[in-house]
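Here is a protein fold to walk through at an easy pace. Keep the 3D view open and follow along from piece to piece.

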Amino acid sequence: MSVRELVVLGTASQVPTRHRNHNGYLLRWDSEGILFDPGEGTQRQMLRAGVAAHDLNRICVTHFHGDHSLGLPGVIQRINLDQVPHPVTAHYPRSGQRFFERLRYATAYRQTVKLVEAPVDADGVVARTRSYVLEAHRLSHPVESYGYRLVEPDGRRMLPERLAAHGIKGPDVGRIQREGVLGGVTLDEVSEVRRGQRFAFVMDTRLCDGVYALADGCDMLVIESTFLDEDEHLAVEHGHLTAGQAARVARASDVRHLVLTHFSQRYTDPEEFERQARAAGFEGELTVAYDLLRVPLPKRR
């Protein structure tokens, strides 16, 4: 049975707290694991969350500030220590190539696993697999930053009542799916489009076109809300979002499940982020993330 869920490893912004580790997010997508923004302490958080190095197929880094990337040395060395049997691909801004190389080779270790470097330098598709297309879009932050988006190809949902009306059953159901027509009956007459799932990961950024491009029509949007609305001037100055801004993006983009994260250490009441997101008009499913939380993706529309 396939599993699609977000495993939250850390939710702090620049400074970790007693209750919030630096960033780290694992997306389980069927048989693949995609690790986003491994901050300091990610390897230990993986252990606490039951995430193994063998679970990792991709690492996606939005930008090279420490709270989003200082966990890379430990994660990469653990992948090699455990001799993960498959290649692992790393995506990150090409402008930060020197930082990636320093982190990858921060200390001596034995390399046993193929780590494929796939830097990003423009908006668009960065990877294609059978189960998803991975896209990147530029964000607005003091250093170059990209958000990531997974889009599952649309499929077909067979409609039992229409199949029965045309007398199609048993092996003929598979045949019309493969061939598109059977005895003059087309696939469109007995099925409908099943929209593929969409997931987006948006970290440090001001409001910009890239935020909306990533969020558009997502089943789950994981997005930073470093500041509360009363500190919007700080958000703009430092290249971040507020809870209300993130919620308004989700509302405008028809997001089904909004996950707020990346909180400044200045705030002690996480419920205030939810209150401000609701006040901004978002009516869908809403999660204020905390460390080691597991959030299943919504069922297909």
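## Helix 11 and its neighbour

In this predicted model, helix 11 lies across strand 16 and strand 17. Its direction makes about 150° with that of strand 17.

Next, look for helix 10, which covers residues 243-252. The axes of helix 10 and helix 11 come within 8 Å and cross at roughly 45°. Angles from 35 to 65 degrees are neither roughly parallel nor roughly perpendicular, so helix 10 and helix 11 count as oblique to each other. Their crossing is right-handed. Which residues meet there? On the helix 10 side you'll find Ala-243, Gly-244 and Ala-247, and they meet Phe-273, Gln-276 and Ala-277 of helix 11. Sorted by class, that contact has 4 nonpolar residues, 2 polar ones and no charged ones.

## The sheet under those helices

Strands 16 and 17 belong to an open sheet of 7 strands, ordered 7-8-9-14-15-16-17, and the pairing is mixed. Why do strand 7 and strand 17 each have one side without a neighbour in the sheet? They stand at the edges with a single partner strand each, so nothing in the sheet flanks the other side. From one strand to the next, the twist averages 15°.

Zoom in on strand 15 (residues 220-224) and strand 16: they run parallel, joined by 5 bridges. In this pair, Leu-221 stands opposite Leu-258 of strand 16. Helix 10 packs on this sheet too, touching strand 15 and strand 16, and its direction makes about 160° with that of strand 16.

## A serine in a loop

Between strand 16 and helix 11 there is a loop, and Ser-264 sits in it. Is Ser-264 buried or exposed? Its relative accessibility is 7%, so it counts as buried. Leaving aside residues up to four places away in sequence, Ser-264 touches Ser-13 and Thr-226.

## Another open sheet

Now for the open sheet of 7 strands with the order 6-5-4-3-2-1-18, again with mixed pairing. Strand 6 (115-117) and strand 18 (294-296) are at the edges, and each has a single partner strand, so one side of each lacks a neighbour in the sheet. Here the twist averages 20° from one strand to the next.

Strand 2 (residues 24-29) and strand 3 (residues 32-36) run antiparallel, and 5 bridges join them. One place to look is Trp-29, whose bridge partner in strand 3 is Glu-32.

Helices lie on this sheet as well. Helix 1 (residues 42-49) lies across strand 1, strand 2, strand 3 and strand 18, and runs at about 130° to strand 1. Helix 3 (residues 72-81) touches strand 3, strand 4, strand 5 and strand 6, and its direction makes about 175° with that of strand 4.

## A closer look at helix 3

Which residues are buried in helix 3? They are Leu-72, Pro-73, Val-75, Ile-76, Ile-79 and Asn-80. Just past the end of helix 3, Gln-83 takes a positive phi of about 50°.

Helix 3 also packs against helix 4 (residues 97-104), at an angle of about 55° and with the axes 8 Å apart. That makes helix 3 and helix 4 oblique to each other, and the crossing is right-handed. Leu-72, Pro-73 and Ile-76 of helix 3 meet Phe-100, Leu-103 and Arg-104 of helix 4. By class, this contact has 5 nonpolar residues, no polar ones and 1 charged one.

Technical notes
Residues are numbered from 1 along each chain as its sequence is written. This is a predicted model: local features need pLDDT of at least 70, side-chain atom pairs count only at pLDDT 80 or more; totals for chains, interfaces and linings use all residues. Side-chain values use heavy atoms; hydrogens and water are left out. Helices (H or I, at least four residues) and strands (E, at least two) are DSSP runs, numbered from the N terminus. Buried means under 20% relative accessible area, exposed over 50%, partly exposed in between (1.4 Å probe, protein chains only). Contact means heavy atoms within 4.5 Å. Two strands pair if DSSP finds at least two bridges between them. Axes are lines fitted to C-alpha atoms, for helices over the stretch in contact, and angles run from 0 to 180 degrees between N-to-C directions. Angles under 35 degrees count as roughly parallel, over 145 as roughly antiparallel, 65 to 115 as roughly perpendicular and the rest as oblique. A crossing is left-handed if the near helix is turned anticlockwise from the far one by less than a right angle, and right-handed if clockwise. Ala, Val, Leu, Ile, Met, Phe, Trp, Tyr, Cys and Pro count as nonpolar, Asp, Glu, Lys and Arg as charged, and the others, Gly among them, as polar.
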